[in-house]
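Dear colleague,

Please find below the sequence and structure for your consideration. A summary of what was found follows.

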Amino acid sequence: MNAPTPDPDCIFCKIVAGEIPATIVHASDDSVAFRDVAPQAPTHVLVIPRSHYENAAALADHEPATLADLFTTARAVAEAEGLAGYRAVFNTGAAAQQTVFHAHLHVIGGRELTWPPG
Ligand code: 5GP
Ligand code: ZN
């Protein structure tokens, strides 16, 4: 299947296109990782597919290899940041506090993380 066209109203498509700035920490052919603008921990990086899909399950349906890329990128980011452990989270749906509907993996670490999450 061909990659979906970017959504002109999507802030993360604009970051992928370089149309708005972001602090990019890792990039591959299929993904981009950049620091969250409102970090919830000393390390808070978002790893996103270059292609626009509204959530992780839609990405898995269409580009399963890219979904795997997001997790290997998360590991690379955690290693580069020297994290002993990290949380990797997809918020999916407004009820789970998803606010940007372009799939993104939160990579969070650098402080003690509690469980269960809020
Ligand atoms: P969600 O709530 O959808 O799981 O996560 C969206 C995340 O994107 C939030 O943590 C929010 O701080 C971050 N975010 C929203 N807009 C921008 C932006 O323009 N740049 C960056 N770097 N992060 C953003
Ligand atoms: Zn998008």
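**Findings: the largest pocket and the zinc site**

The lining of the largest pocket comprises 17 nonpolar, 10 polar and 4 charged residues. Please note that the model is a predicted one.

This pocket holds about 740 Å³ of space. Of the 31 residues that line the pocket, Gln40, His44, Asn91, His106 and Ile108 lie nearest its centre. Several secondary-structure elements contribute to the lining: helix α1 (11-16) and the strands β2 (31-35), β3 (43-49), β4 (87-89) and β5 (105-109) each supply at least two residues. The greatest contribution to the lining is that of α1, with 3 residues.

The second subject is the zinc ion (ligand 2). Its coordinating atoms are SG of Cys10, SG of Cys13, ND1 of His52 and ND1 of His102, at 2.1 to 2.3 Å. The arrangement is tetrahedral because the 4 donor atoms subtend angles of 106 to 116° around the zinc ion, and tetrahedral geometry requires all angles to lie between 85 and 135 degrees. Along the chain, the donors of this ion follow the spacing C-x2-C-x38-H-x49-H. Within this set, Cys13 and His52 link distant parts of the chain, being 39 residues apart. Cys13 belongs to helix α1, whereas His52 is in the loop between β3 and α2 (56-62). Cys13 and His52 are both buried.

Helix α1 thus appears in both parts of this summary: α1 supplies 3 residues to the pocket lining, and Cys13, a zinc donor, is located in α1.

Yours sincerely

Note on methods
Residues numbered from 1 in each chain as written. Chains lettered and ligands numbered in written order. Predicted model: local features only at pLDDT ≥ 70, side-chain atom pairs only at ≥ 80, totals over all residues. Heavy atoms only, no water. 1 Å grid on protein atoms, 1.4 Å probe; cavity = no way out; pocket = protein on both sides within 12 Å on 5 of 7 lines; lining within 4 Å. Points joined across faces, edges and corners; volume = space filled by probe spheres on them. Helix = DSSP H or I, 4+ residues; strand = E, 2+ residues; numbered from the N terminus. Nonpolar A, V, L, I, M, F, W, Y, C, P; charged D, E, K, R; others polar. Donors = N, O, S within 2.8 Å, 3.2 Å for Na, K, Ca; no water. Tetrahedral: all angles 85-135°; square planar, octahedral: opposite > 155°, others 65-115°. Buried < 20%, exposed > 50% of the residue type's maximum accessible area, 1.4 Å probe, protein only.
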